[in-house]
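Good morning, colleagues, and thank you for coming. I shall present one structure today, moving from helix contacts to strands and then to some individual residues. Please look at the sequence and the structure as they appear.

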Amino acid sequence: MSTPKDTNSELFTLDIGGMTCASCVGRVEKALDKVPGIEAVTVNLATEQARIRLKVGAKTRIEDVIAQVQKTGYEAKLTNPHSVPAISSNKSFWGSDGLGRVLLGFALAAPLFLPMFLMPFGVHWALSPKWQLLLATPVQFFLGWRFYKAGFKSLMSGVGNMDLLVALGTSAAYGLSIYQMPSSSHEHHELYFEASAVIICMVLLGKWLEARAKQQTSEAIRALQKLWPEHAKVLDSQIMIAEGSPLDQYRDLPLEQVFPKDRVLVLPGERIPVDGLILFGKSHVDESLLTGESEPVKKQVNDLVIGGALNGEGVLVVEAQAVGIESVLSKIISLVEDAQTQKAPIQKLVDQVSAVFVPSVIVIAIITGIANWIYLDSVSIAILRAVSVMVIACPCALGLATPAAIMAGTGVAARFGILIKDPQVLEQAHRLNIVAFDKTGTLTIGKPRLLTLIPFDTSINPHDILASAAGLQLGSEHPLAKALLDAAKEQHISPIPPSASKALAGIGIEGKPTSGLWANQTLCLQSIASLETSSDISAILEKAKTCFEAGQTVSILMRVEPSLSPIAVIGFGDELKSNAKEAIEALHKLHIRTVMISGDNQAAASRVGKMIGVDEVFAQIMPGDKAQIIRKLQAPSNDQQNHWVAMVGDGVNDAPALAASDVGMAMSTGTDVAMQAAGITLMRGDPTLVADAIDISKKTWNKIRQNLFWAFAFNTTGIPLAALGFLSPMLAGSAMALSSFCVLSNALLLKRWRPTQR
């Protein structure tokens, strides 16, 4: 495992404890903005974390930043990389958000409020005032102490929060009951101890439900963390790895003590602890929680494996290449964490509202109390209605609306291989009406394959041609050589080893097959450009016409001795992915126009575009011009309709276009540069994930809007009802707790999302 970041790092994360509502978020951000050297800060209520960026060369210490947070009344500590924060509340049974306190509170409050349910049946019974005081006091000052403590600190810092509203409201009800005790009687039931006690109990219940729900929203991170085994079996460096070698001489080391180049033994059924290269063994590896790929992948010697994947039936020896924070799993967790701790642009509106919300509520409560006192001539009713206003207006739901939806949406997307690293993507995705694909590596496999083999003499078996041509390429690392050898392997053809083999600069490769149809004859596999002066060039060009039209790279297998003559045209190309057409159809179902950008000639690109059904093809586009095409697509059309464009790519040359687009999507099969430039990373080279990424982004955005609507509607309707006396303090407390729970429950519905089955 990796260690905490160095305290001099420019970017770090703090776990913040004690935040209860949107006002707390604003308070912490305001306090941190005052610290010299901090360039940017964002605080997230759902994850209970603050991400802080220091100015370059700043001398600010993390200890100073933590002290500033603590000065405002909250807990703070440096986050361990990829840990799920649990600082804000002791999650034990008797912790501040534990179930034990909720049950104790209701047990003490039950004798206070249960007699109310007997009144409709003509039974007017209540405990004596002294017993009511005895039961309500521990609820008010023991279970409710957290509200006094946090409320006082917020008051001292000049920024109100939910705790202050609860403390003021319940204290008013409790104090009014104390005031009326000497003149009260059992029959008239003029005490309001049950109101203050039930409010505290309902708020505690709401916080417990919130804690449970927030824990579920971070399940994606926990599921990824569990993929890391705690130890690795590191083999002795002196052991020779071969069939039959004893593999029991290893050291069981903690993962943080494993270094690159170490050889790690992975037994059947174990998690692979490091990213690396298989040196020995073969097996099937389950990478589903990392890539979303449901089927185990066959792995053998020289294949790469990802740390955290589950080994199947075979014994593997893996040479570690990346460990700790350099591993793919660590980078995935970082991407998900970054997305969950950042704010969507719409959250700025929430922050602005929250900054003035609590002071406004206190003013409204005071006005409510005075108005009711004047018009109803009743101090008790005036105080109770003011209490109802303060309690129902707690902005918990407002603070949780956006981050809860982002956490749930990005978490479930990560489970299926879609990493949304920029919350702004969620706001843009629902507007998308154009998706532009780079062709190579995105819609195609991304490496040359043998696509065409045309003999000049139709009586010759193509297998004989492939055996001789592949034999010439034995030992070569050229991409076209690998394509020939792969094709021979797929067709179970053994390449014929050549003699007197030699490379011809600028031409190709020459050699004499040792057996077969052209045994001991000199053959040359060469580019068509090197045959421009050949007497057979016109016949060769005619034979290769279909290859050129398809945009293929053409080589010619020539017999050099005993006589010069062409044997076959061999065409190489980048084969379309099997589900490329399916991906385009899925986008069309979402009413999204599709575009393909290719460097091929117009005829070849149009042919590919027609095969998969894209709406528009841009051909012969230089890599540096792709961003210009994106800007052209974004320009408003004749009907002044705005175009929102997503770009899908995988290469270094796609990075400018990914950055220029409204939503950039990078295939993880490509380069790190492309992934850094994109807002969404697709963990498999599967183009159908594009439609799925747009779908989950839209659904997450819809949940954000639903939550914000619910949170704003709750407060705008609840406050007037409370002020007019339609909501008692107990009902207000229940409704406030219910609002937060509803917002979180609505966000958690995103966990049921699944990619479309096609």
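Let us begin with a helix contact. Helix 12 meets helix 26 through Leu384, Val387, Ser388, Val391 and Ile392 on the one side, and through Pro729, Ala732, Gly733, Ala735 and Met736 on the other. Sorted by class, this contact of helix 12 with helix 26 comprises 8 nonpolar residues, 2 polar residues and no charged ones. Before going further, I should state that what you see is a predicted model.

How are these two helices, helix 12 and helix 26, arranged in terms of angle and axis distance? Helix 12 covers residues 379-392 and helix 26 covers residues 729-748; they pack at an angle of about 5°, and their axes are 8 Å apart. Helix 12 is therefore roughly parallel to helix 26, because angles under 35 degrees count as roughly parallel.

I turn to a residue in another helix. Ile364 belongs to helix 11, which spans residues 347-376. If neighbours within four places in sequence are set aside, Ile364 is in contact with Val389 and Ile719. There is also a long step along the chain to note: Ile364 and Ala723 are 359 residues apart in sequence, yet their C-alpha atoms are separated by 8.5 Å. Is Ile364 buried, exposed or partly exposed? Ile364 has a relative accessible area of 33% and so is partly exposed, since that class lies between the limits of 20% and 50%.

The second helix pair offers a different picture to examine. Helix 16, residues 462-472, packs with helix 17, residues 479-490, at an angle of about 135°, with the axes 9 Å apart. Helix 16 is thus oblique to helix 17. The crossing of helix 16 past helix 17 is left-handed. Which residues make this contact between helix 16 and helix 17? From helix 16 come Leu466, Ala469 and Ala470, and from helix 17 come Leu484, Leu485, Ala487 and Ala488. By class, that contact of helix 16 with helix 17 holds 7 nonpolar residues, with no polar and no charged ones.

Helix 16 also contains Ser468. The relative accessible area of Ser468 is 1%, so this residue is buried; the limit for that class is under 20%. Apart from neighbours within four places in sequence, the contacts of Ser468 are Ile496, Pro513, Trp518 and Leu523.

Now to the strands. Strand 19, residues 522-527, runs antiparallel to strand 20, residues 553-561, and 6 bridges join them. Within this pairing, Thr522 has Glu561 of strand 20 as its bridge partner. Strand 20 is in turn joined to strand 21, residues 565-576, by 7 bridges, again in the antiparallel sense. In that second pairing, Thr553 stands opposite Phe572 of strand 21. Strand 20 and strand 21 make up a hairpin, with 3 residues between them.

The loop of this hairpin deserves a closer look. Pro562 is placed in the loop between strand 20 and strand 21. The peptide bond leading from Glu561 to Pro562 is cis, and its omega is near 10°. Glu561, as noted, is also the bridge partner of Thr522.

A further sheet should be mentioned. How many strands form the open sheet, and in what order? There are 7 strands, in the order 14-26-25-24-15-22-23, with mixed pairing. Strand 14, at 418-420, and strand 23, at 616-618, are the edge strands, each pairing on one side only. From one strand to the next, the twist averages 20°. Inside this sheet, strand 25, residues 663-667, pairs with strand 26, residues 680-682, in the parallel sense over 3 bridges. There, Ala666 stands opposite Thr681 in strand 26.

I close with two asparagines. Asn302 has a positive phi of about 80°, although it is not a glycine. Asn302 lies in the loop between strand 10, at 297-299, and strand 11, at 304-305. With a relative accessible area of 57%, Asn302 is exposed. Asn520, likewise not a glycine, has a positive phi near 65°. Asn520 is found in the loop that lies between strand 18, at 508-513, and strand 19. Where does Asn520 stand by relative accessibility, buried or exposed? Asn520 counts as exposed because its relative accessibility is 57%, and exposed means over 50%.

How values were computed: Residues are numbered from 1 along each chain as its sequence is written. This is a predicted model: local features need pLDDT of at least 70, side-chain atom pairs count only at pLDDT 80 or more; totals for chains, interfaces and linings use all residues. Side-chain values use heavy atoms; hydrogens and water are left out. Two strands pair if DSSP finds at least two bridges between them. Helices (H or I, at least four residues) and strands (E, at least two) are DSSP runs, numbered from the N terminus. Buried means under 20% relative accessible area, exposed over 50%, partly exposed in between (1.4 Å probe, protein chains only). Contact means heavy atoms within 4.5 Å. Axes are lines fitted to C-alpha atoms, for helices over the stretch in contact, and angles run from 0 to 180 degrees between N-to-C directions. Angles under 35 degrees count as roughly parallel, over 145 as roughly antiparallel, 65 to 115 as roughly perpendicular and the rest as oblique. A crossing is left-handed if the near helix is turned anticlockwise from the far one by less than a right angle, and right-handed if clockwise. Ala, Val, Leu, Ile, Met, Phe, Trp, Tyr, Cys and Pro count as nonpolar, Asp, Glu, Lys and Arg as charged, and the others, Gly among them, as polar.
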